[in-house]
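Work through the exercises below with the model open. Try each task before reading its solution.

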Amino acid sequence: MVINTVLSVMAYDYPPEKLSVYLSDDGGSDLTFYALLEASHFAKHWLPYCKKFKVEPRSPAEYFNSSDDPLDANQSKESVFIKKLYDEMENRIENAAKLARIPEELRSKHTGFSQWDSYSSQRDHDTILQILIDGRDPNAIDKDGLVLPTLVYLAREKRPQHHHNFKGGAMNALIRVSSEISNGPIILNVDCDMYSNNSHSVRDALCFFMDEEKGHEIAFVQFPQTFKNVTRNEIYDATMRVIKEVEFHGLDGCGGPLYVGTGCFHRRDTLCGRKFSKEYKTDWSSLTDIRRKDSVHELEKNLKGLASSTYDKNTQWGKEMGLLYGCPVEDVITGLSIQCRGWKSVYFNPSREAFLGIAATTLPDALVQHKRWSEGDLQILFSRYSPAWYAHGKISLALQMGYCVYCLWAPNCLATLYYAVIPSLYLLKGISLFPQISSPWFIPFAYVISAKHICGLAEFLWCGGTILGWWNCQRMWLYKRTSSYLFAFMDTILKLLGFAESGFVISTKIADEDVSQRYEKEIMEFGTSTPMFTILSTLAMINLVCFVGVLKEALMGTGIIRVYETMSLQFVLCGILVLINFPLYQALFLRKDKGKLPSSLAAKSIVLALLACISFTLLY
């Protein structure tokens, strides 16, 4: 997966002598280094093939899996040869991975493996810097004699006693090291699973930076985060379709979108702290090659200090320079700080997706990911870079409000929890909370509810979704707000009070085969008992108990008229909550596969739900 991402950006439709690709391996794995070494050899054949036949996408794995177009005789012959080279490379990498080590005969072929001789663990090792392809070397050419892009492997130094600042620390190390090797004025960053799906993306981004009228205002160009493995009905709402197709376009008209951490082209100098000024202009025609003339060995030796574990100390890195530290969403807060220095950003959503990644294939992964996002966004609201006060006067009011929408994701849990529990409990008790159906005040309630959901459905369909996809989106809306956002809200409050520290949870990139099969069938994957699932299961059981209790009373007596006249909105709300939780009931009681919820959790949620209903009935 990683080397396919690397190869896809190496094969951009762009002069290779102006292109440098850096891989940050925070795991410091010699297996990853070996895979990259293999990719550097394969690139000598893959890049000429891409340019000659203008293939898309330029990730080898995706190209060979999706290539259905008929090929002419010449291309067909070369395609078979390239596919054979790729399969051989893939087998060598997989065999090394199965051994969990690099065989001695392979280690002896490259001096770079010697840097793992002092390696202790992922959290305790020296800086490992290897320039696998030196773009300045006249011998670094492909099979057609054309220059290859520079290719660099970096595993920054890590020590247990020093905080490494997660993704922000890794990015800042890359910015410093790359400034001495290639020093390109534009930086693209992509996650390891986000391969390039459009070889023209770099040219598209440069069109904005080089625009004669407004290009000097642009700090970064953000492409949407899209995924290749999303099912038709988006069971986990991974694409966040409305945000991508509607909201970010709105932000684009207010000063620019958020920086979302991947698929983003930056000006190097704005990432390094430059403030915007109207006099600032980049004379692109006068840019010259200012790379150092040191040998590869000297560069590898002399630049290791830039990626040391203590380099950031007593500097502006992580504060005013590079990606900012101390927040789980370092990308969003960095983008906000850049915009507060006077810069603007651009959102570009081309018809052919620029990048494709891997979406979460299990509910736990999706909820944990949203927990990190919502927690980080709320922390931004209380930080020195808060869009509510720090950004006031620095960015437009509309953009301030746009940021606050996401910063207030986590507190939304409180209102959602209330509506998911209290109306159902009052329904069971026979107490009406909303206007009766005969009351004129029923009309505004009914209007708001119906208009909101009709407009939401129309918007979702307009963005290319399906009706079932919209329904799944509503389910995830409920699950995120009653679990991910709740824990994010509590953790943020504890952090503000000094009782907890922020963490960084890495998203799972690889799924088991049986998990993938259930995901493709759009069967929700639970699979374990977690505090989040305890809350979701208990809420689902509370609504089921209340709904069944009221339904039983209504059917056995004259209660149906009373429910219809006085509590129709509560009954509909409770019924919808029961219906939307159907996959959860299946996981608790009906399913037998590994994706179901444990029986112990089913028993626990039933007990907790009954206790909640009984206690409420006795108290009121």
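The exercises cover two sheets, a helix pair, a pocket and a cavity.

This is a predicted model, in which local features need pLDDT of at least 70 and side-chain atom pairs count only at pLDDT 80 or more, while totals for chains, interfaces and linings use all residues. Residues are numbered from 1 along each chain as its sequence is written, and side-chain values use heavy atoms, with hydrogens and water left out.

**Exercise 1. Find the strand order and the edges of the open sheet of 3 strands.**

Step 1. Helices (H or I, at least four residues) and strands (E, at least two) are DSSP runs, numbered from the N terminus. Two strands pair if DSSP finds at least two bridges between them.
Step 2. The order is 1-3-2, and the pairing is mixed.
Step 3. Strand 1 (20–24) and strand 2 (128–133) are the edge strands, each pairing on one side only.
Step 4. Strand 2 pairs with strand 3 (residues 150–155) in the antiparallel sense over 5 bridges. Ile 131 has Val 152 in strand 3 as its bridge partner.
Step 5. Now add the helix. Helix 1 (residues 2–10) lies across strand 1, strand 2 and strand 3 and runs at about 160 degrees to strand 1. Angles run from 0 to 180 degrees between N-to-C directions, and axes are lines fitted to C-alpha atoms, for helices over the stretch in contact.

**Exercise 2. Describe the open sheet of 4 strands and the helix packed on the sheet.**

Step 1. The strand order is 4-7-6-8, with mixed pairing.
Step 2. At the edges are strand 4 (186–189) and strand 8 (344–347).
Step 3. From one strand to the next, the twist averages 20 degrees.
Step 4. Strand 4 pairs with strand 7 (residues 264–267) over 4 bridges, in the antiparallel sense. Leu 188 stands opposite Phe 265 of strand 7.
Step 5. Helix 11 (residues 330–340) packs on this sheet and touches strand 6 (218–222), strand 7 and strand 8. Contact means heavy atoms within 4.5 Å.

**Exercise 3. Work out how helix 8 is set against helix 15.**

Step 1. The axes of helix 8 (residues 241–252) and helix 15 come within 9 Å and cross at roughly 90 degrees.
Step 2. That makes the two helices roughly perpendicular. (Angles under 35 degrees count as roughly parallel, over 145 as roughly antiparallel, 65 to 115 as roughly perpendicular and the rest as oblique.)
Step 3. Helix 8 makes the contact with Arg 241, Val 242, Glu 245 and Val 246, and helix 15 with Glu 459, Phe 460 and Trp 462.
Step 4. Sort these contact residues: 4 are nonpolar, none polar and 3 charged. (Ala, Val, Leu, Ile, Met, Phe, Trp, Tyr, Cys and Pro count as nonpolar, Asp, Glu, Lys and Arg as charged, and the others, Gly among them, as polar.)

**Exercise 4. Characterise the second largest pocket and the largest cavity.**

Step 1. On a 1 Å grid over the protein atoms alone, a cavity is a set of points where a 1.4 Å probe fits but cannot get out; a pocket is an open set with protein on both sides within 12 Å along at least five of seven lines; lining residues have an atom within 4 Å of a point. Grid points are joined across faces, edges and corners, and a volume is the space filled by probe spheres set on the points.
Step 2. The second largest pocket holds about 1000 Å³. Its lining has 25 residues, and Tyr 419, Ile 449, His 453, Trp 477 and Leu 573 are the closest to its centre.
Step 3. Helix 15 gives the most to this pocket's lining, 8 residues.
Step 4. The largest cavity holds about 60 Å³. Helix 18 (531–556) is one of the elements giving two or more residues to its lining, and supplies the largest share, 4 residues.
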